[in-house]
Amino acid sequence: MNIALYPNDLLQVTCTELDIDNLSFDPKTRKEDMLTIVKEQQKRGIAITGLSANQIGYTERFMLIENRLTNQNYDRQQMCINPRIVEQEEEEVEMFESSASFPNVIVSISRPAKIRVEFYNEFLKRRNEWFDGYTARFFQHYLDLLNGV
């Protein structure tokens with residue numbers, strides 16, 4: 001499966017929320033599929049820290065991010081279904097970002113340094129967590145993609 005490249009229309013779509021009780025796919029399998037794509041990109045030398053659904057042809061709200069705040073190996077790659085930010089601290093950090101969907105584009109973006117997020121994982125367990133540092137940045141980056149930004 002290829003990653004959608006700009007100007008693909010999928011990258012401008014606001015992905016729709018999923019009905020957790022009636023998913024049309026197995027989230028554990030979808031996570032493994034997304035991990036395979038991430039690993040393939042990394043082998044090609046592309047610095048990729050996750051994927052949004054619309055980058056790989058879907059229009060639902062799910063994404064995979066690298067979680068650097070966990071000691072649990074399985075949670076290092078975090079599947080987030082219906083992700084959202086519910087709170088954020090005022091402090092912002094400006095950093096350069098790039099995206100596999102926008103090759104050779106690097107932009108400086110200011111984002112909240114610490115955010116409280118909600119999502120369902122691949123086991124359909126609701127998670128409510130504080131993310132900071134790179135994990136907060138990755139979450140916001142892929143959430144922007146799900147929002148067509």
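**Cysteines, core and helix H2 in a predicted model**

User: How far is the sulfur of Cys80 from the closest cysteine sulfur, and in which residue is that sulfur?
Analyst: The sulfur of Cys80 lies too far for a bond from the closest cysteine sulfur. The structure is a predicted model. The gap is 14 Å, and the partner sulfur is in Cys15.

User: How many disulfides does the model have?
Analyst: A disulfide needs two cysteine sulfur atoms within 2.5 Å. Cys15 is in no disulfide, as the nearest cysteine sulfur, that of Cys80, is 14 Å away. The count of disulfides is 0.

User: Is Cys80 buried or exposed?
Analyst: Buried means under 20% relative accessible area. Cys80 has 0% relative accessibility, so Cys80 is buried.

User: Which element gives the most to the largest nonpolar core?
Analyst: This core has 32 residues, and Phe139 is among those with the most contacts inside it. Helix H1, strands S2, S3 and S6, and H2 each supply at least two of its residues. With 7 residues, the element that gives the most is H2.

User: How many of the 14 residues of H2 are buried?
Analyst: H2 covers residues 133–146. Its buried residues include Phe138, Phe139, Tyr142 and Leu146, along with Arg137 and His141. H2 is largely enclosed by the rest of the structure, because the number of its residues that are buried is 11.

User: Which residue of H2 is in contact with Leu51, leaving aside neighbours within four places in sequence?
Analyst: Leu51 is in contact with residues including Ile3, Met34 and Leu64. H2 runs over residues 133–146. The contact of Leu51 in that range is Tyr142.

Key: Residues are numbered from 1 along each chain as its sequence is written. This is a predicted model: local features need pLDDT of at least 70, side-chain atom pairs count only at pLDDT 80 or more; totals for chains, interfaces and linings use all residues. Side-chain values use heavy atoms; hydrogens and water are left out. Helices (H or I, at least four residues) and strands (E, at least two) are DSSP runs, numbered from the N terminus. The expected span of a helix is 1.5 Å times one less than its number of residues. Buried means under 20% relative accessible area, exposed over 50%, partly exposed in between (1.4 Å probe, protein chains only). A nonpolar core is a set of buried Ala, Val, Leu, Ile, Met, Phe, Trp, Tyr and Cys residues joined through side-chain atoms within 4.5 Å. Contact means heavy atoms within 4.5 Å.
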